[in-house]
Amino acid sequence: MKNVELSRIFNEMYYMLSTDEKARFEALAYQRAARSIESLQDDISEIYEKEGIKGLMGIPGIGKGLAEHIQEYLTTGKLNKYEELKKKFPIDFTEFSSMEGFGPKKAMILYEQLGITNIADLKKAAEEHKIRNIPGFGEKSEALILKNISMVAATGSRILLSTGLNEARNIVSYLLAQKVVSRCEIAGSTRRMRETVGDIDILVISDQPGKVMDLFTGYKGVKSTVVKGESKTTVLLDIGTTCDLRVIKPESFGSAMQYFTGSKDHNIKVRKIAIDHNYKLNEYGLYSGNENIMEGKGEDAIYRELGMDYIPPEMREDRGEIEMALSHKIPELLELSDIKGDLHLHTKESDGMNTTEEMITAGMKKHYDYIAITNHSKNLRIAHGMNDDQFMEYFKQIDSLSDKYHIKILKGAEVDILKDGSLDLDDNTLKSMDVVIASVHMDTNMNTDEMTDRVINAVKTNLVNILGHPTGRLINERQPFQLDLDEVAKYCKEYKTAMEINASPQRLDLNDENILKTSKHGVYYSINTDSHNIYGYDYMELGVGTARRGWLTKNNVINTMNLQDLIKFLKK
Ligand code: DGT
Ligand code: CA
Ligand code: CA
Ligand code: ZN
C-alpha cells in the first residue's frame with residue numbers, strides 16, 4: 001500500500017522542515033498529512049484512481065498542494081520536493097524519531113558539526129565523547145543520548161498493534177478473495193491485542209498449499225520472501241515486519257490456533273496441565289496415547305477438556321488467568337459492542353482536522369448514543385488551545401447543532417493540568433461542561449512525588465471526570481511520567497474520576513499492566529479514542545482490546561452506561 005510510503009515521506013519532510021523555525025507551519029502541515037494518511041483505512045491509490053485529485057482533497061488535512069504532491073508520487077513514483085530536501089539533509093530523521101529527546105534540530109546541529117546521519121554514528125560519537133564539546137550539548141546530554149539509544153535497541157523494531165492488525169486483516173481478505181483457502185485466521189500477539197507486534201502470524205486451511213504460498217508471496221505489501229515452504233512461509237512486509245503464514249490440516253486447526261496464539265508462557269503452563277491429565281498437547285492436537293481427542297474441534301474444547309473455562313486470547317499472558325480458569329472464575333470481558341459513546345474528541349476549533357458537524361456525523365455512523373467534544377485548553381498553544389470565552393462561545397454553537405442530530409453531544413474540554421496541579425480554565429467554565437478531561441501535557445520532567453502530587457491535586461478539585469492518558473507515554477517514543485498510579489487510583493476512586501484508557505495507537509494509556517494494577521482500587525475507566533479526525537473513531541477496538549488485556553468487564557467502564565446513568569456519574 002502506498003499509504004505507508006507516503007506517510008513516511010511526509011513525516012520525513014516534516015522532520016526536515018522542522019530544522020528551520022521559519023518553515024514551522026509548513027512542517028506541521030506535512031505532519032498532519034502524514035498522520036491522516038497513516039490512519040486512513042482505504043488505499044490512497046484507489047481513492048486517486050476513482051476520484052482523482054478531488055478525492056485526495058477529501059482526506060482530512062490534505063489541501064490542494066499536498067494533493068498534488070500525492071498525485072505526483074502516485075503517477076511518477078517520486079516526489080521532487082522530497083528528493084531536493086533529501087539532498088540537503090542526508091540525515092535519517094525517521095530513525096532518530098524512534099529515539100526519545102532527540103528532535104530534528106539536535107540532529108541538524110550534530111550533522112553540521114560532526115557529520116552524524118544515523119543512530120550508529122551518534123552512538124559512536126557519544127562513546128568517543130565527541131558530543132560533550134558541541135555547544136548546547138555537554139556531558140549530561142551525552143550520557144542521556146547513550147541511555148536513549150540503548151532504549152531504542154531494547155524496544156527493537158516491534159510495530160504498533162494498529163499497523164499490524166490492519167495489515168493482518170488486509171492479508172486475510174486478500175487470501176480469502178482468491179478462493180484457495182477455506183479458513184484464514186490471525187493468531188499470535190496480534191490476536192492477543194498486544195500493544196506492539198513482533199511479527200504477524202496467520203493460519204489457513206487449504207487443499208492447495210503450493211498455490212496459497214505463491215499467492216502469499218505475491219501479495220502487494222510483500223517486500224521480499226524470507227523462506228518459502230509448503231507448510232510455512234515467511235515474508236518481509238513493506239510495513240517493516242515479517243509475517244508467518246502456516247497451512248494447517250483441518251483436523252488440527254483448533255489446536256493450532258491455541259498453540260500459535262500463545263503467549264509462549266501461557267502455552268507452557270497449559271501444556272503442563274495437559275501432562276497432569278495424562279495428555280500430550282501440541283500444535284497438532286490433544287493426545288491421549290496416539291489418539292487426538294480434539295480432532296476437528298475448536299480451541300475452546302481444549303480448555304474445557306483440561307477442566308478450565310475458555311480463556312479469551314487477550315488474557316493469555318500467564319498473569320493468573322490459568323488459575324482463574326481452573327477455578328471457573330474467568331470474567332465476562334467487555335466487548336466492543338458494549339461501548340455506547342466516545343468521550344474524547346477534538347475538532348478544528350483546537351487541533352482536530354474535521355469540523356464539529358463532520359465529527360458528529362462520523363460518531364452517528366458508529367451508532368453511538370452520545371459523544372463528547374473535548375478540545376484543548378489555552379496552555380497547549382501548539383494545539384490552538386481555547387480560553388474560557390472561546391469555550392463558552394463554542395458551546396453555543398454545539399447547542400445550536402444539538403436539535404439537528406439524533407445523538408447526544410456532550411460539551412467538554414481536555415483541560416491542561418498545570419505544573420502545580422491546578423486546572424487551565426476557570427472553575428465556572430468547567431462546571432458548565434458535561435465532561436471534563438484533565439491531562440498533563442507540559443512540564444513533564446518531574447520526580448515521582450512531584451508528579452503524583454500534581455495529578456492528585458487536579459483530581460481533588462472535584463471538577464475532573466476523566467484523567468486523560470494518565471502516564472503520557474508514547475509507545476517506542478516517550479517514557480511514561482514518573483507517577484505513583486496506586487496513589488492516583490485511590491483518589492480517582494474517591495472523587496469519581498474515571499481513568500482514561502486512551503485508545504490512540506501510539507498511546508494505549510493506561511496500558512494492560514496499569515489497568516490490572518489500578519483496578520484493584522475499584523476505579524472506573526473511560527475508553528476514548530482521542531480522535532483528531534473522523535477516522536480516529538476506529539481506534540476504539542484497540543482501547544477495548546487493551547481493557548480486555550486488563551481483564552475489565554463492562555461494569556468498570558463508564559462509556560458502556562446509557563446516557564442517563566452516564567450523566568448521573570458525571571455529575572458525581
Ligand atoms: P511477537 O511475534 O513477538 O509479537 O509475539 P508472538 O506471541 O506472536 O510470538 P511468535 O510469533 O514468536 O509465536 C507465535 C506463537 O507461537 C507464540 O505466542 C506461542 C507459539 N510459540 C512459538 N514458539 C514457541 C515455543 O517455543 N514454545 C511454545 N510453547 N509456544 C511457542
Ligand atoms: Ca508473532
Ligand atoms: Ca511468528
Ligand atoms: Zn491529550
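By a donor I mean an N, O or S atom that lies within 3.2 Å of the metal when that metal is calcium, and I begin there because the spacing of such residues along the chain is the first thing I would like to show you. This is a predicted model, so please hear everything that follows as computed from predicted coordinates.

Let me start with the calcium ion (ligand 3). Its donor residues are spaced D-x1-D-x42-D in sequence, and the protein donors themselves are Asp199 (OD), Asp199 (OD), Asp201 (OD) and Asp244 (OD), at 2.3 to 2.7 Å from the ion. Aspartate 201 sits in strand β4, residues 199–205, whereas aspartate 244 sits in strand β7, residues 242–247, so this pair ties together parts that are 43 residues apart in sequence. Both aspartate 201 and aspartate 244 are buried, and for aspartate 201 the relative accessible area comes to 10%.

Now, which residue bridges the calcium ion (ligand 3) and the calcium ion (ligand 2)? That is aspartate 199, and the two ions that it bridges lie 3.6 Å apart. On the side of the calcium ion (ligand 2), the protein donors are Asp199 (O), Asp199 (OD) and Asp201 (OD), with distances of 2.1 to 2.5 Å. The site of that ion has six donor atoms, and with angles among them of 70 to 169 degrees it is classed as irregular. I would add one caution for anyone thinking of setting up this site, namely that water is not among the atoms, so sites may look incomplete.

Let me turn to the strands that carry these aspartates. β4 and β7 pair in the parallel sense, over six bridges, and within that pairing aspartate 199, the residue that bridges the two calcium ions, stands opposite threonine 242 in β7. β7 is mostly covered, five of its six residues being buried. Strand β6, residues 232–237, runs antiparallel to β7 and is joined to it by five bridges, with threonine 233 standing opposite leucine 245 in β7. The hairpin made by β6 and β7 has four residues between the strands, and there glycine 240 takes a positive phi, near 95 degrees. Going one strand further, β5 and β6 pair in the antiparallel sense, again with a count of five bridges, and threonine 225 has valine 235 in β6 as its bridge partner.

If we put those pairings together, what is the order of the five strands in the open sheet? The order is β2-β4-β7-β6-β5, and the pairing is mixed. The edge strands are β2 (183–187) and β5 (222–228), each of which pairs on one side only, and the twist averages 25 degrees from one strand to the next. Helix α10, residues 161–177, lies across β2, β4, β6 and β7, and runs at about 25 degrees to β4.

There is a related point about cysteines, which matters if you assign bonds automatically. Why is there no bond between cysteine 184 and the cysteine sulfur closest to it? The closest sulfur belongs to cysteine 243 and is 9.2 Å away, which is too far for a bond, given that a disulfide calls for sulfur atoms within 2.5 Å. Seen from the other end, cysteine 243 has cysteine 184 as its closest partner, and the count of disulfides comes to zero. Both residues are buried, cysteine 184 with a relative accessible area of 8% and cysteine 243 with one of 0%.

The next site is the zinc ion (ligand 4). Its protein donors are Glu414 (OE), His441 (NE2) and His469 (NE2), lying 2.1 to 2.2 Å from the ion, and the donor residues follow the spacing E-x26-H-x27-H in sequence. Histidine 441 lies in the loop between β14 (435–439) and α20 (448–460), while histidine 469 lies in the loop between β15 (466–467) and α21 (485–494), so the pair ties together parts that are 28 residues apart in sequence. Histidine 469 is buried, its relative accessible area being 2%.

I will finish with helix α13, residues 253–261, which is mostly covered, as eight of its nine residues are buried. Among those buried residues are Phe253, Met257, Gln258 and Phe260. The helix is followed by glycine 262, whose phi is positive, near 70 degrees.

Methods. Residues numbered from 1 in each chain as written. Chains lettered and ligands numbered in written order. Predicted model: local features only at pLDDT ≥ 70, side-chain atom pairs only at ≥ 80, totals over all residues. Heavy atoms only, no water. Donors = N, O, S within 2.8 Å, 3.2 Å for Na, K, Ca; no water. Tetrahedral: all angles 85-135°; square planar, octahedral: opposite > 155°, others 65-115°. Buried < 20%, exposed > 50% of the residue type's maximum accessible area, 1.4 Å probe, protein only. Helix = DSSP H or I, 4+ residues; strand = E, 2+ residues; numbered from the N terminus. Pairing = 2+ DSSP bridges. Axes fitted to C-alpha atoms, helices over the stretch in contact; angles between N-to-C directions. Contact = heavy atoms within 4.5 Å.
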